[in-house]
Amino acid sequence: MVKLTNEKVWLKNGLEVIENPTVAYEEARKNTMAYGILQAHNTSGDAEKLKIRFDAMASHDITYVGIIQTARASGLTEFPLPYVLTNCHNSLCAVGGTINEDDHVFGLSAAKKYGGIYVPAHQAVIHSYMREMMSGCGKMLLGSDSHTRYGALGTMAIGEGGPELVKQLLRRTYDINCPEVVAIKFTGSPKAGVGPQDVAIAIIKAVFKNGFVKNKVMEFVGDGIANLPIEYRNGIDVMTTETTCLSSIWMTDEKTQKYFEMHNRPEDYKKMAPGEVAAYDGMVEVDLSKVECMIALPFHPSNAYTIKEFNANAKDILHENGLDDLIKNITPDGRVQAVQGVIAGCAGGTFDNMCAAADILKTGWVGADEFALSAYPASQPAFLELTKNGVVATMLERGVTVRSAFCGPCFGAGDVPPNKGLSLRHTTRNFPNREGSKPGDGQSAFVALMDARSIAASAVNGGKVTAATELDIDYTTPNYHFDDTIYRNRCYFGYGKADSEAELKFGPNITDWPAQPELSENILLGVASLITDDVTTTDELIPSGETSSYRSNPEKLSTFALSRKDPEYVGRAKNFKKGEISETVANAVKRCDVDPAELEIASVVYARRPGDGSAREQAASCQRVLGGLANIAIEYATKRYRSNLINWGMLPFLFEDENVPFKVGDYILVKGVKSGVAEGKLEFEAWAITPNGTSTEFVLKMAPLTDDEKTIIKCGCLINYYRENN
């Protein structure tokens with residue numbers, strides 16, 4: 001089904017492996033699609049040290065307020081590139097009174113003042129809008145959402161934390177080393193009933209844990225691509241985020257061309273393919289004909305099994321995964337009973353998925369028992385067409401709740417199942433609490449990822465986990481007709497029309513970022529949390545769900561930091577922020593030849609591999625608001641989380657030994673930090689100091705920083721950096 005080649009590979013025209021290549025790697029790598037697009041957007045003049053300018057950007061209503069506030073504090077006068085502000089995350093979240101709609105009002109006022117594109121609530125999921133209206137072959141787009149992926153449309157897109165978008169708004173660049181590129185070679189054609197989520201989960205299972213494509217570009221090639229409809233490709237592509245890759249890009253063809261023609265943008269199509277001989281840094285081969293219907297169990301999309309395998313061994317598999325609470329849900333025929341199904345978001349809410357699910361639902365009913373099924377078409381144009389062609393009517397009459405475009409089921413702000421319940425979702429993630437439960441209050445539930453087709457098959461089987469391939473279905477595959485009238489009549493198109501006289505409209509929850517100090521030469525870090533899980537997600541660093549209502553209020557939001565992972569963290573961090581140390585600790589500092597009066601006292605979080613998951617900058621900025629100054633890790637799970645730390649003035653230390661010489665409540669003294677960062681040092685002297693004054697010397701490391709990153713950290717955060725440099 002999936003085969004990995006962990007060495008350099010040469011392909012001819014993106015189709016055949018060249019066994020004895022005659023073109024050197026350094027030349028042949030330039031023939032990848034990724035290399036060409038990156039260099040076309042590089043402003044540095046150095047092919048290896050890239051400084052990227054993007055063609056357009058997008059944010060949603062959890063992220064755009066902070067981005068605009070940061071850019072505004074740094075000298076923003078107008079948006080220098082098309083910037084889309086969508087409202088798809090907080091559109092149904094009722095927590096906090098008026099504050100969600102206040103953010104929307106702020107967003108529209110900012111679009112008018114600075115010249116942006118504003119998409120009101122319920123009109124489109126951010127990535128559906130960007131596919132429909134902003135993608136283009138050879139373009140590069142940046143988004144403040146981790147699932148910013150439009151590679152199937154010939155568009156290289158990257159999801160990053162908000163500060164990286166601020167840089168673009170202030171006419172700066174996105175600075176990275178030229179990434180490695182891995183070929184994803186498709187052959188064959190999927191079986192009836194196997195959907196894009198099945199293919200995506202199979203790939204994620206093969207490449208996530210081994211970091212096979214981490215921070216690399218996934219370049220989709222092979223003759224199997226021609227056998228996939230465009231929305232099928234989009235469904236696979238958006239899930240590449242879960243591999244921890246940097247971005248993705250696909251070969252284009254007449255189906256891609258038809259997509260752009262249908263969306264009234266024929267000029268945005270061009271044929272894209274690797275050169276005659278292109279070299280890659282590895283290859284993932286996928287025989288689409290051998291992909292089975294898949295299920296990803298809690299708590300990660302890579303925790304995957306074929307549904308056939310799962311149903312045959314449900315009790316053992318659940319026990320092995322620590323999911324004993326679900327064993328009671330196994331029915332007499334050996335299947336696991338779910339209580340909910342959801343088809344939604346940028347991955348699940350596509351036109352094709354809805355049509356396929358409706359075809360399956362024609363064979364049965366959702367029924368009147370516990371199981372419920374909801375469907376969210378991902379854009380109003382798609383919803384309109386699904387209404388015209390009868391799909392919505394079929395779903396409604398079969399017991400499905402059909403709702404407007406919303407991202408909530410992806411991050412825990414919608415469709416919360418009952419305690420101990422299992423929710424089957426065609427969404428992007430199944431991290432802990434992504435179903436909205438609160439384990440700290442005794443409320444636990446579980447999400448398993450499946451394709452829309454198998455979710456519909458499970459629905460007509462009473463909610464029991466069922467593969468769509470078990471049913472004999474006549475898939476109708478109706479044609480799609482895109483109508484942008486809804487967008488033209490509801491969205492505000494202000495790019496190039498900035499009105500400096502327009503006033504920003506602030507709700508009472510929208511506050512400025514608190515001031516942050518410059519970095520000191522010597523620092524004393526109180527260990528506020530020590531997390532030993534193999535991977536720590538951004539959801540665990542700052543919970544999603546109802547907390548998203550407070551994203552425009554840094555002080556309020558910070559009170560939720562690590563609340564579901566380490567509830568005592570906030571109190572510890574606030575105590576360290578007071579800057580008070582005992583005489584015993586002060587004497588230990590003196591023995592290391594440092595004057596305690598000259599110390600910057602802050603807090604630090606240790607986690608082995610932090611930052612998997614969403615691009616939300618608040619995973620880092622909340623720590624900073626609470627007085628955090630550093631993270632210590634074996635490695636950082638994603639490039640974007642490390643960037644978020646740096647942009648908020650935090651030191652991304654490394655300590656590669658899993659046996660750390662400190663514990664919660666200890667202090668870590670680091671000497672010569674400010675000068676060391678400026679000099680580009682990769683190692684720093686450090687001492688772990690216990691409350692009773694004993695100390696242990698050790699070494700902290702740091703991966704190389706760019707010149708701008710050094711300056712940002714020294715200044716204390718990106719806002720300070722721009723204030724000094726503008």
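Let me start with a word we need: a pocket is an open set of grid points with protein on both sides within 12 Å along at least five of seven lines. Keep that in mind. One more point before we go on: this model is predicted.

Now, the pocket itself. The largest one has a volume of about 980 Å³. Which residues sit closest to its centre? They are Ile176, Asn177, Lys639, Arg642 and Pro704, out of 30 residues that line this pocket. Some elements give two or more residues to the lining. Three are strands: E4 (49-52), E10 (174-177) and E29 (651-654). The helices are H24 (639-647) and H26 (707-715). What is the lining like by class? It has twelve nonpolar residues, twelve charged and six polar.

Let's step back to the whole chain. How many helices and strands does it have? There are 27 helices and 32 strands. The radius of gyration is 25 Å, and the globule rule gives 27 Å for 726 residues. Those values are close, so the chain is as compact as a globular protein of that length. Along the principal axes, the C-alpha atoms fill a box of roughly 80 × 60 × 60 Å.

Next, the inside and the outside. Of the 726 residues, 64% count as buried. The accessible surface comes to about 24900 Å². Carbon and sulfur atoms hold 47% of that surface.

Last, contacts. Take those with a separation of 6 or more. Residues 24 or more positions apart account for 76% of them.

Key:
Residues are numbered from 1 along each chain as its sequence is written. This is a predicted model: local features need pLDDT of at least 70, side-chain atom pairs count only at pLDDT 80 or more; totals for chains, interfaces and linings use all residues. Side-chain values use heavy atoms; hydrogens and water are left out. On a 1 Å grid over the protein atoms alone, a cavity is a set of points where a 1.4 Å probe fits but cannot get out, and a pocket is an open set with protein on both sides within 12 Å along at least five of seven lines; lining residues have an atom within 4 Å of a point. Grid points are joined across faces, edges and corners, and a volume is the space filled by probe spheres set on the points. Helices (H or I, at least four residues) and strands (E, at least two) are DSSP runs, numbered from the N terminus. Ala, Val, Leu, Ile, Met, Phe, Trp, Tyr, Cys and Pro count as nonpolar, Asp, Glu, Lys and Arg as charged, and the others, Gly among them, as polar. The radius of gyration is taken over C-alpha atoms; the globule rule is 2.2 Å times the number of residues to the power 0.38. Buried means under 20% relative accessible area, exposed over 50%, partly exposed in between (1.4 Å probe, protein chains only). Contact means heavy atoms within 4.5 Å. Accessible areas come from the Shrake-Rupley method with a 1.4 Å probe; for residues, only the protein chains shown count as cover.
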